[in-house]
Amino acid sequence: MHNEFVRVLNSLSDLNIIRILNLIWREKKISRVEIASILKMDKSTVTRIISRLERKNLVQETAFGESRPQGGRKRIFLEINGSFACAGGIQINTEQMFVCLTDLCGTILFESVQRIDEGDYAKNGFSGILQSGIKLLQENAARMRISIAGIGLGVPGIVDIENKKIIQSIPLLIEKPFNIMQAVSDIADIPFFLENDARCCCYTEKFRDKVKPAKNFLYVFIDHRRLHPIKNSPKNISVGLGFVSNGKIFHGANSCAGEFRSMLWRESSSSQFSLATQDILNLESEEAQKIFLELSQNVALLANTLSLELIFVGGIEKHFSENLIKLIRQECVRLWPYKWNKKKSIENATVYKRAVSYGAALMVLDKIFSVPDFSVRENLNPVNNKLEYQSSLFFQQ
């Protein structure tokens, strides 16, 4: 494995290809000259690689720009051919399974919502639900005659993203490590990625504006659903947090970043908050507003202490989240000790119903088009596997 890694590292053709693909994917339109300038690569090398990508139909010319001030031919812009392949995203919570397919540019090609029946969950378990979601993606990809580049899964709870295990999920009744790859063994040829649901939402906001992507923000993910996928389970307000720092999803020690429990919680509490959240059927009720106020105080503490300038609120419908946004703004001001304060941008999330499944699909695209980090010694083997996978995806079809 080490010799193979050295061979790939010494022969930079694959790495240059990935660097170019990453830049084209991040930009809405970019020319060959701009690519060479930004990546500090020889123009002839860029032209040669682009020609290869065009022959494989992964990159295509999209438009003509204005001539440069000194004159000459108009610039030809490039873009990723979205129809080359697709990415799948799955969200599984206690009530529903959301699935979607996006093209390589992040445009949604297919989406569906499947109610999770408590009888089916008791009979087939989490594995059965997941397998049905994968089958639904495969059937629709086949119908559209497009290959699946990878599938991402977002779930509530603590996850081991490297080993693809759900360590524990209280809502989904998973009490000991659950190996996802054993459950999806029938799709061994399709790359599979696992992530916490709140962090999947971060991918949605991270890539919502590819020209100026958000680099530092907090995502407050609120789920109003039944407590467990079992009969007569009460409704529950559940909260998870996602952090993005310098453009990267922050996982924390053991990937536990974002697991939430209120600072006002006490031993007698039956939820994440000091107050009970079970059986709150209406988010406009007085009980729900008390929960939102407590949540806003916790968020304000984080936002002020970490000097966050951007906060997204998602998972619930816009007219509910707008009230929470007002409370967060109010508490951020109330709990700030100085007269000087830079205003925070607190916004509704771009997507609320399918934020997790869509973010899971975007996570797949991010994995495909990201440039490996050679500076981390522990990642030598994963980097090597990544280069091999990307090369096989792009050039062996």
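**Helix packing and selected loop residues in the predicted model**

Helix H3 passes helix H4 in a right-handed crossing. In this predicted model, H3 spans residues 32-39 and H4 spans residues 43-55, and their axes, which come within 9 Å, cross at roughly 125 degrees. An angle of that kind makes H3 oblique to H4, since angles over 145 degrees count as roughly antiparallel and those from 65 to 115 degrees as roughly perpendicular. On the H3 side the contact is made by Arg-32, Ile-35 and Ala-36, and on the H4 side by Lys-43, Val-46, Ile-50 and Glu-54. Sorted by class, the contact of H3 with H4 holds 4 nonpolar and 3 charged residues, with no polar residue taking part.

The chain as a whole provides the setting for this pair. The secondary structure of the protein chain comes to 11 helices and 16 strands, and buried residues account for 52% of its 397 residues. Of the contacts between residues at least 6 apart in sequence, 65% join residues that are at least 24 apart. The area exposed by the protein chain is about 19,800 Å², of which carbon and sulfur atoms supply 49%.

A second helix pair is formed by H7, residues 197-206, and H10, residues 355-369, whose axes come within 7 Å and cross at roughly 70 degrees. H7 is therefore roughly perpendicular to H10, given that the range from 65 to 115 degrees is assigned to that class. The crossing of H7 and H10 is left-handed. H7 contributes Asp-197, Cys-200, Cys-201, Tyr-203, Thr-204 and Lys-206 to the contact, while H10 contributes Ala-355, Val-356, Tyr-358, Gly-359, Ala-360, Leu-362, Met-363, Asp-366 and Lys-367. In terms of class, 9 nonpolar, 2 polar and 4 charged residues make up the contact of H7 with H10.

A third pair consists of H8, residues 286-305, and H9, residues 318-334, which pack at an angle of about 50 degrees with their axes 8 Å apart. H8 and H9 are therefore oblique to each other, and their crossing is right-handed. The residues of H8 that make the contact are Gln-289, Phe-292, Leu-293, Leu-295, Ser-296, Gln-297, Val-299, Ala-300, Ala-303 and Asn-304, and those of H9 are Phe-320, Asn-323, Leu-324, Leu-327, Ile-328, Gln-330, Glu-331, Cys-332 and Arg-334. By class, the contact of H8 with H9 comprises 11 nonpolar, 6 polar and 2 charged residues.

Helix H8 also holds Asn-298, a residue that is buried, with a relative accessible area of 7%, where the limit for burial is 20%. When neighbours within four places in sequence are left aside, Asn-298 is in contact with Phe-260, Arg-261, Ser-262 and Met-263. Asn-298 can also be placed relative to Glu-331, a residue 33 positions away along the chain, from which it is separated by 9.0 Å between C-alpha atoms; Glu-331 itself is among the H9 residues that make the contact with H8.

Another asparagine, Asn-246, lies in the loop between strand S13 (235-245) and strand S14 (248-250). Its relative accessibility is 58%, and Asn-246 therefore counts as exposed, the threshold for that class being 50%. Asn-246 touches Lys-215 and Asn-216, with residues up to four places away in sequence not counted. Asn-246 and Lys-215 are 31 residues apart in sequence, and their C-alpha atoms are 4.8 Å apart in space.

Positive phi values were found in two loop residues that are not glycine. Arg-145, located in the loop between helix H5 (118-143) and strand S7 (148-155), has a positive phi of about 55 degrees, and with a relative accessible area of 80% this arginine is exposed. Asp-279 is placed in the loop between S14 and H8, and its phi is near 70 degrees. Asp-279 is likewise exposed, with a relative accessible area of 56%.

Notes. Residues numbered from 1 in each chain as written. Predicted model: local features only at pLDDT ≥ 70, side-chain atom pairs only at ≥ 80, totals over all residues. Heavy atoms only, no water. Axes fitted to C-alpha atoms, helices over the stretch in contact; angles between N-to-C directions. Helix = DSSP H or I, 4+ residues; strand = E, 2+ residues; numbered from the N terminus. Parallel < 35°, antiparallel > 145°, perpendicular 65-115°, else oblique. Left-handed = near helix turned anticlockwise from the far one by under 90°. Contact = heavy atoms within 4.5 Å. Nonpolar A, V, L, I, M, F, W, Y, C, P; charged D, E, K, R; others polar. Buried < 20%, exposed > 50% of the residue type's maximum accessible area, 1.4 Å probe, protein only. Areas by Shrake-Rupley, 256 points an atom, 1.4 Å probe, with all protein chains shown as cover.
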